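Got your viewer open and a hand on the mouse? Let's take a walk through this model, one selection at a time.

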Amino acid sequence: MQIKKLIEVALPLDKINEASAREKSIRHGHPSTLHLWWARRPLAAARAVLWASLVDAPSSHPELFPTEEEQNKEQERLFKILEDLVVWENSNNQKVLEAAKTEILRYTNGNPPELLDPFAGGGAIPLEGQRLGLKVHAHDLNPVAVMINKAMIEIPPKFAGKPPVNPQARESLSTSGYAGTHGLAEDVRYYGQWMKQEAYKKIGHLYPKVKLTEKQGGGEATVIAWIWARTVKCPNPACGYTIPLVHSFDLSKKKGKEWHIETIYEDGKIRFDVIQGRSKKEGTVDRRGARCIHCGSPIKYSYIRDESCAYRMGSTLMAIVAEGKHGRIYLRPDQIQVDTAKVSLPEDYPQGELAYYPGHLNTRVYGLDEFWKLFTPRQLTALTTFSGLVQEAQQKAEADAVAAGMSNDHLGLKDGGLGAKAYGEAVGVYLAFSVDKGANLWSSICSWMNDRGAMRETFGRQAIPMTWDYAEANPFSNSGGNFLQFIERTADTIADFPITYMTGTAIQANAQSDCGLRSIMVSTDPPYYDNIGYADLSDFFYVWLRQALQDTYPGLFSTMLVPKVEELIATPYRHEGSVEKAKDFFENGMIHTCQQIYQYAREDIPITIYYAYKQTDSSTNGNISSGWETMLNAIIQAGFTITGTWPVRTESPGRMLSHGTNALASSIVLVCRKRPQNAPQTTRRHLVAELRRELHPALRKLQQSNIAPVDLAQAAIGPGMAVYSKYRRVLEADGTVMSVRSAQQLINEEVDGYFNEQAGNLDSGSRFCVDLYMQYAYNDVKFGEAEVLANAKNVSIPALVDDGVLYAKAGNVHLLERDQLPQKLGICERNVWLLTQQLTYAMQQQGIEGCATMLADWYNSNTEDAKDLAYRLYTIAEQKKWTEEAYTYNALVVAWPDIQTRAAELKAQQPEQMNLF
């Protein structure tokens with residue numbers, strides 16, 4: 001009998017998702033702050049998935065846990081370990097980690113497997129594998145991703161436990177007691193501070209302070225940001241004024257601290273003033289184009305593009321934001337500030353052309369088609385200065401390491417060095433990452449967030465958009481966008497890396513090629529069809545990393561830009577504009593990748609694959625996701641059977657549904673095993689019967705575990721696909737092989753059938769309400785039509801009117817909306833529809849406390865039926881794209897355990913309250 005792992009049986013999914021969602025608000029020390037990467041998996045999810053893939057399910061060991069009660073008790077014990085493990089504050093809690101590692105060793109006979117992630121990306125999976133004591137291999141085709149992984153799993157263990165080497169630390173601190181990478185973090189801080197001081201000597205004069213009036217506090221203030229606007233000449237021949245292109249003239253929208261920019265035209269020229277209060281003028285640019293602020297003429301984007309490509313687009317300084325004694329100070333520009341920004345281009349800025357990536361790299365059409373064009377001359381000067389200082393700081397760190405007694409073996413990181421040269425290069429890697437942070441906040445794509453009083457980075461989303469009014473940060477200020485802030489964040493992240501002496505391996509490798517590893521564990525987060533062009537986006541950082549680190553890793557930075565031809569994404573623009581060719585490229589590449597994973601994987605440990613399930617294609621039989629279908633097809637064709645699917649959310653319950661779409665879990669974790677070589681084939685008829693037999697109990701179990709309705713359909717794919725994929729092939733009635741798409745449709749039909757079956761077990765009045773809701777929502781229906789439906793359900797419309805759930809007058813009938821229903825439970829004990837709607841409304845209005853108060857006096861089995869009906873109503877609303885409706889039912893189910901707990905507390909208090917009288 002194959003021993004099932006915990007991940008194939010049960011997970012405390014709500015706790016994992018809660019920890020995953022919480023990670024989004026954690027910045028201090030979080031590995032995601034080391035270097036920007038797109039669509040990272042939450043560390044909590046990666047940690048939980050890996051651990052649960054290695055630990056056996058108690059039900060697989062009847063010899064140890066012979067009864068169901070004992071198995072449940074052991075499962076709860078394992079759940080408690082896992083729930084502690086995913087908490088962010090326990091990331092380096094040795095007691096918690098040792099408890100987790102003990103179980104891994106117990107269930108792997110003291111010999112845990114090595115771990116491979118062939119699409120390592122931002123490094124969450126390899127890092128968490130290393131945290132759990134595994135030897136990890138991080139592979140990626142993208143050199144930026146490889147560098148991120150080297151910085152997280154390869155470099156830190158080499159120098160773990162070593163004290164800092166900088167002279168200041170050696171003079172003032174003990175050279176012992178540096179656990180983990182705290183010594184390395186201290187040196188990054190020291191040499192980063194040195195870089196800032198050296199840079200200020202060279203270019204500090206380009207960032208002058210601004211003089212303040214007596215009213216503003218007098219003296220001088222350090223500038224935080226210069227607010228610029230791009231400009232074009234008005235196309236109206238009768239006007240001809242230079243027009244600032246601005247989204248908003250407001251500088252600050254904070255209550256009581258409102259400031260805005262006023263435009264003043266004099267003698268054919270424009271100047272700006274900064275005035276207290278909100279602007280009464282709209283910006284000059286919107287989605288349709290621009291307008292002349294002087295004559296009001298519309299200006300088409302085509303004209304702006306032509307002007308920009310002909311180098312006739314200019315820029316003008318509109319305002320200055322400075323550091324005041326009591327917060328931000330907003331000032332009008334002066335000539336000194338304007339003139340100081342007029343600098344020549346530096347000689348050694350990096351070259352490189354932006355990729356053609358429609359909808360994502362939008363600056364190309366405005367002539368900003370090379371990376372250096374995304375920066376002002378002053379920004380380029382700052383970046384090249386700091387980048388050039390990386391190697392100087394690296395050499396300084398190497399010399400100090402020698403002086404501190406570190407081995408002077410002259411071996412660098414690429415040669416496996418562990419001495420002074422490698423240490424200096426290690427410091428240089430993290431300093432280069434800090435320069436990349438600068439690139440992200442020191443470009444002319446950055447803008448000023450007037451609601452927060454802060455800089456918006458280049459990559460506010462997975463794209464480089466065109467920005468009209470932009471903010472230029474001061475690297476030497478004490479506010480957001482300053483270089484020391486980048487250094488501090490980098491150092492904090494380094495200090496919080498896992499305390500381990502087991503070095504991981506990060507290499508540049510194509511996932512479709514055989515890397516030679518065998519009998520290992522595989523967990524990975526592959527590209528999501530056409531969602532993100534990692535190579536195109538990461539060029540922005542690559543050009544700066546290459547400038548700073550080419551000597552450290554010459555092989556990794558041998559090309560001018562990131563390799564793109566082999567990148568596994570379905571982008572038509574790389575395939576002669578053909579959607580079909582792009583689709584074929586992705587599908588074939590994913591099949592080859594899964595075939596390689598099949599060669600690597602162990603028989604006794606499942607592989608896990610994350611996949612974002614968002615994009616859908618319309619089909620005559622419903623909506624099917626191209627990327628999702630491709631992934632399932634590749635896994636099954638490669639010889640795997642799917643044994644589980646788990647929805648991993650990184651959004652709080654209030655954000656799980658996006659407006660106008662059926663937004664699902666952030667990603668699905670697919671749990672897969674190698675399918676036996678002698679697996680049989682079966683027929684469609686047999687598959688349908690088996691799906692019904694296996695899927696319904698599985699769905700019931702998922703409901704009992706209180707999985708959110710928004711995630712249930714995706715979780716159901718696991719047991720459904722487990723039935724389909726265990727067969728070598730499934731034959732249709734005409735003898736053809738059933739496709740993955742057809743199997744998905746059958747699974748969806750069975751899920752619908754399950755909920756219809758549940759609805760069929762309801763009282764007749766509730767069944768009538770559900771059918772009416774499904775067909776008409778809360779809209780009017782003719783009395784005759786409603787009566788036909790009521791007779792079929794054997795219910796009376798007048799009786800339902802008396803129960804308070806239905807309106808019937810003047811020949812029309814409709815369901816009463818929630819705010820029109822009786823608000824006290826027990827009005828009609830037999831109607832589960834009414835109970836569900838009452839609880840849903842209480843959840844909307846008063847939250848958990850309101851629902852619990854209602855249930856505290858209610859002793860009736862219908863309460864669980866109400867939760868089940870909420871599942872059914874969610875699926876109806878989701879299919880109908882009634883987004884807000886779907887959310888209300890989802891919120892009730894998600895909160896159900898807390899409602900029950902609080903209701904029980906209130907019930908327990910009732911006798912005590914009565915004794916007071």
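Start by selecting threonine 524 and isoleucine 609: the isoleucine, in β20, is the bridge partner of the threonine. Before going further, keep in mind that what you have on screen is a predicted model.

**Stop 1: the sheet around your first pair**

Now widen the selection to the two strands. β19 covers residues 521-524, and β20 covers residues 607-611. They pair in the parallel sense, over 2 bridges.

How many strands does the sheet have, and in what order? There are 7, and they run β18-β2-β1-β19-β20-β24-β23. The sheet is open and its pairing is mixed. Have a look at the two ends next: select 505-508 for β18 and 640-648 for β23. Each of these edge strands has a single partner, so one side of each is left without a neighbour in the sheet. If you look along the sheet, you'll be seeing neighbouring strands turned against each other by 20° on average, ignoring direction.

Add residues 709-725 to the picture. This is helix α18, which packs on the sheet and touches β23 and β24 (667-674). The direction of α18 makes about 175° with that of β23.

**Stop 2: aspartate 525**

Go back to β19 and click on aspartate 525, which sits in the loop between β19 and α14. Is this residue buried or exposed? The cut-off for buried is under 20% relative accessible area. Aspartate 525 has 15%, so it counts as buried.

Show its side chain and look for two partners. One is arginine 41, whose side chain makes a polar contact of 3.1 Å with that of aspartate 525. The other is tyrosine 528, with a side chain to side chain polar contact of 2.3 Å. Leaving out residues up to four places away in sequence, aspartate 525 touches Ala39, Arg41, Asp117, Phe119, Ile125 and Tyr610.

**Stop 3: two helices side by side**

Follow the chain to α14, residues 534-549, and select α12, residues 420-441, along with it. These helices pack at an angle of about 145°, and their axes are 9 Å apart. Their crossing is right-handed.

Which residues make the contact? On the α12 side, pick Gly428, Val429, Ala432, Phe433, Asp436, Ala439 and Asn440. On the α14 side, pick Phe540, Phe541, Trp544, Leu545, Ala548 and Leu549. Try colouring them by type: you should get 10 nonpolar, 2 polar and 1 charged.

**Stop 4: a strand with two partners**

Time to move to β13, residues 314-324. Here 8 of the 11 residues are buried, so the strand is largely enclosed by the rest of the structure. As you look at it, remember that side chains in a regular strand alternate between the two faces of the sheet.

Bring up β5, residues 223-233, which pairs with β13 in the antiparallel sense over 8 bridges. To spot one of these pairings, select valine 223 and its bridge partner in β13, alanine 322.

Then switch to β14, residues 327-331. β14 also runs antiparallel to β13, joined to it by 5 bridges. Two pairs to pick out are valine 321 with tyrosine 330, and glutamate 323 with arginine 328. Between β13 and β14 you'll find a hairpin that connects them through 2 residues.

While you're here, click glycine 324, which belongs to β13. With a relative accessibility of 23%, glycine 324 counts as partly exposed. Draw a distance line from its C-alpha to that of glutamine 550: the two are 41 Å apart in space and 226 residues apart along the chain.

**Stop 5: a three-strand sheet**

For the last selection, find the open sheet of 3 strands in the order β27-β29-β28, with antiparallel pairing. At the edges are β27 (781-782) and β28 (806-809), each pairing on one side only. β28 is joined by 4 bridges to β29, residues 812-815, running antiparallel. Zoom in on leucine 806, which stands opposite leucine 815 in β29.

Finally, show α20, residues 764-776. This helix packs on the sheet, touching β27, β28 and β29, and its direction makes about 100° with that of β29.

How values were computed. Residues are numbered from 1 along each chain as its sequence is written. This is a predicted model: local features need pLDDT of at least 70, side-chain atom pairs count only at pLDDT 80 or more; totals for chains, interfaces and linings use all residues. Side-chain values use heavy atoms; hydrogens and water are left out. Axes are lines fitted to C-alpha atoms, for helices over the stretch in contact, and angles run from 0 to 180 degrees between N-to-C directions. A crossing is left-handed if the near helix is turned anticlockwise from the far one by less than a right angle, and right-handed if clockwise. Contact means heavy atoms within 4.5 Å. Ala, Val, Leu, Ile, Met, Phe, Trp, Tyr, Cys and Pro count as nonpolar, Asp, Glu, Lys and Arg as charged, and the others, Gly among them, as polar. Buried means under 20% relative accessible area, exposed over 50%, partly exposed in between (1.4 Å probe, protein chains only). Two strands pair if DSSP finds at least two bridges between them. A polar contact is a pair of N or O atoms within 3.5 Å; within protein, one must be able to donate a hydrogen and the other to accept it, and residues adjacent in sequence count only if both atoms are side-chain atoms.
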